Amino acid sequence: MSAADLARQKLILAAIELFAEHGVDSVSLRTINRQAGQKNNSALHYHFGSKIGLIKAVDEFIQRHFDEIREPDLADLEERARGGGITLTEALEVFVKPYVEIIEQYDWGYGAVRTLARMEFDSEEEVVRLLSDSAGHSVKRFAKLKRPLLSDLPAREYKMRHNFLVNATIQGFADYRNLHLSYLGDLSPRSLQELGRFYVRVGESILRGTS
């Protein structure tokens, strides 16, 4: 990795850490520069052009790692679905898998999932649209994949349930370290795999539940 690429990655990882903790809108470029150990305050502008350029780079970095985990399994499901050979459980397991593995495999993984949640729920419209454009392709692929398994649902009802499932999964993994403070006492999962299985079951309930 070149010095320029290393500096760029340090800035992205610093932004992930700060966005996860404080939200995307409230963190300044100067703070990110300082967190990344950059002495030159123009480093971010040099690498990304603007804050929205940085946010886009952060999102692309996170989505690339999600795709590396998800794409082989998703492509396999799509191939088997053409022969009618998949289940709703399998589709949900592939959807949930990247959240578990990214948090487990990377020291920035939990911050990345929290950053996605911040982008989705706490940001200005421009950032929400950016995320929708980048992540929307895979969400639509999952929705298309699962639709024949739930053909009894009206189209709008199905889309609403699927959207709720996506939002609940993002927020659930983003907040899982706070489950020891839940309203009902300590609900901390014994492992991320356990949490993943929970969201698969919840996803099935959301999609199959009666209207």
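Trainee: Why does L153 count as buried?
Mentor: L153 has a relative accessibility of 8%, and buried means under 20%, so L153 counts as buried. Keep in mind that this is a predicted model.

Trainee: Where does L153 lie, and which residues is L153 in contact with, leaving aside its neighbours within four places in sequence?
Mentor: L153 lies in the loop between α7 and α8. Its partners, with those neighbours left aside, are R147, Y158, R161 and L207. What makes these contacts is a cut-off: heavy atoms within 4.5 Å. As for distance, the C-alpha atoms of L153 and R208 are 8.7 Å apart, with the two positions 55 residues apart in sequence.

Trainee: P148 is found in that loop between α7 and α8 too. Why does P148 count as exposed?
Mentor: For P148 the relative accessibility is 59%. Exposed means over 50%, so P148 counts as exposed. P148 and L88 are 60 residues apart in sequence, and their C-alpha atoms are 9.8 Å apart in space.

Trainee: What makes A4 partly exposed?
Mentor: A4, found in helix α1, has a relative accessible area of 38%. Partly exposed covers the range between the 20% and 50% cut-offs, so A4 belongs there. The C-alpha atoms of A4 and E120 are separated by 30 Å, and the two residues are 116 residues apart along the chain.

Trainee: And why does Q193 count as partly exposed?
Mentor: Q193 has 36% relative accessibility. That value sits between 20% and 50%, so Q193 counts as partly exposed. Q193 is found in helix α9, which covers residues 192–208. Not counting residues up to four places away in sequence, Q193 touches V100 and E104. V100 is 93 residues from Q193 in sequence, yet their C-alpha atoms are 6.7 Å apart.

Trainee: Let us turn to helix α4, where Q63 lies. Why does Q63 count as buried?
Mentor: At 9% relative accessibility, Q63 falls under the 20% limit, so Q63 counts as buried. Leaving aside its neighbours within four places in sequence, Q63 is in contact with R70, L116, L131, S134 and A135.

Trainee: How do you know that α6 is mostly covered?
Mentor: Eleven of the 13 residues of α6 are buried. These are G109, Y110, G111, A112, V113, R114, T115, L116, A117, R118 and M119. The buried residues of α6 pack against α1 (3–22), α4 (51–81), α5 (88–105), α7 (125–146) and α8 (155–174).

Trainee: What makes the reach of α6 close to the expected one?
Mentor: Helix α6, residues 109–121, reaches 19 Å from its first C-alpha to its last. The expected span at 1.5 Å a residue is 18 Å, so the two values are close.

Trainee: Which residues have the most contacts inside the largest nonpolar core?
Mentor: F19, I32, L54, V58, I62 and F173 do, in a core of 65 residues. Taking one of them, I62 touches I16, A112, T115 and L116, not counting residues up to four places away in sequence.

Trainee: What is the volume of the largest pocket, and which residues are the closest to its centre?
Mentor: The largest pocket has a volume of about 640 Å³. Its lining holds 27 residues, and the closest to the centre are S132, G136, V139, N163 and V166. The elements giving two or more residues to that lining are α4, α5, α6, α7 and α8.

Trainee: Which element gives the most to the lining of the largest pocket, and how do the residues of that lining divide?
Mentor: With twelve residues, α7 gives the most to the lining. The residues of that lining divide into 13 nonpolar, eight polar and six charged.

Key:
Residues are numbered from 1 along each chain as its sequence is written. This is a predicted model: local features need pLDDT of at least 70, side-chain atom pairs count only at pLDDT 80 or more; totals for chains, interfaces and linings use all residues. Side-chain values use heavy atoms; hydrogens and water are left out. Helices (H or I, at least four residues) and strands (E, at least two) are DSSP runs, numbered from the N terminus. Buried means under 20% relative accessible area, exposed over 50%, partly exposed in between (1.4 Å probe, protein chains only). On a 1 Å grid over the protein atoms alone, a cavity is a set of points where a 1.4 Å probe fits but cannot get out, and a pocket is an open set with protein on both sides within 12 Å along at least five of seven lines; lining residues have an atom within 4 Å of a point. Grid points are joined across faces, edges and corners, and a volume is the space filled by probe spheres set on the points. Ala, Val, Leu, Ile, Met, Phe, Trp, Tyr, Cys and Pro count as nonpolar, Asp, Glu, Lys and Arg as charged, and the others, Gly among them, as polar. A nonpolar core is a set of buried Ala, Val, Leu, Ile, Met, Phe, Trp, Tyr and Cys residues joined through side-chain atoms within 4.5 Å.
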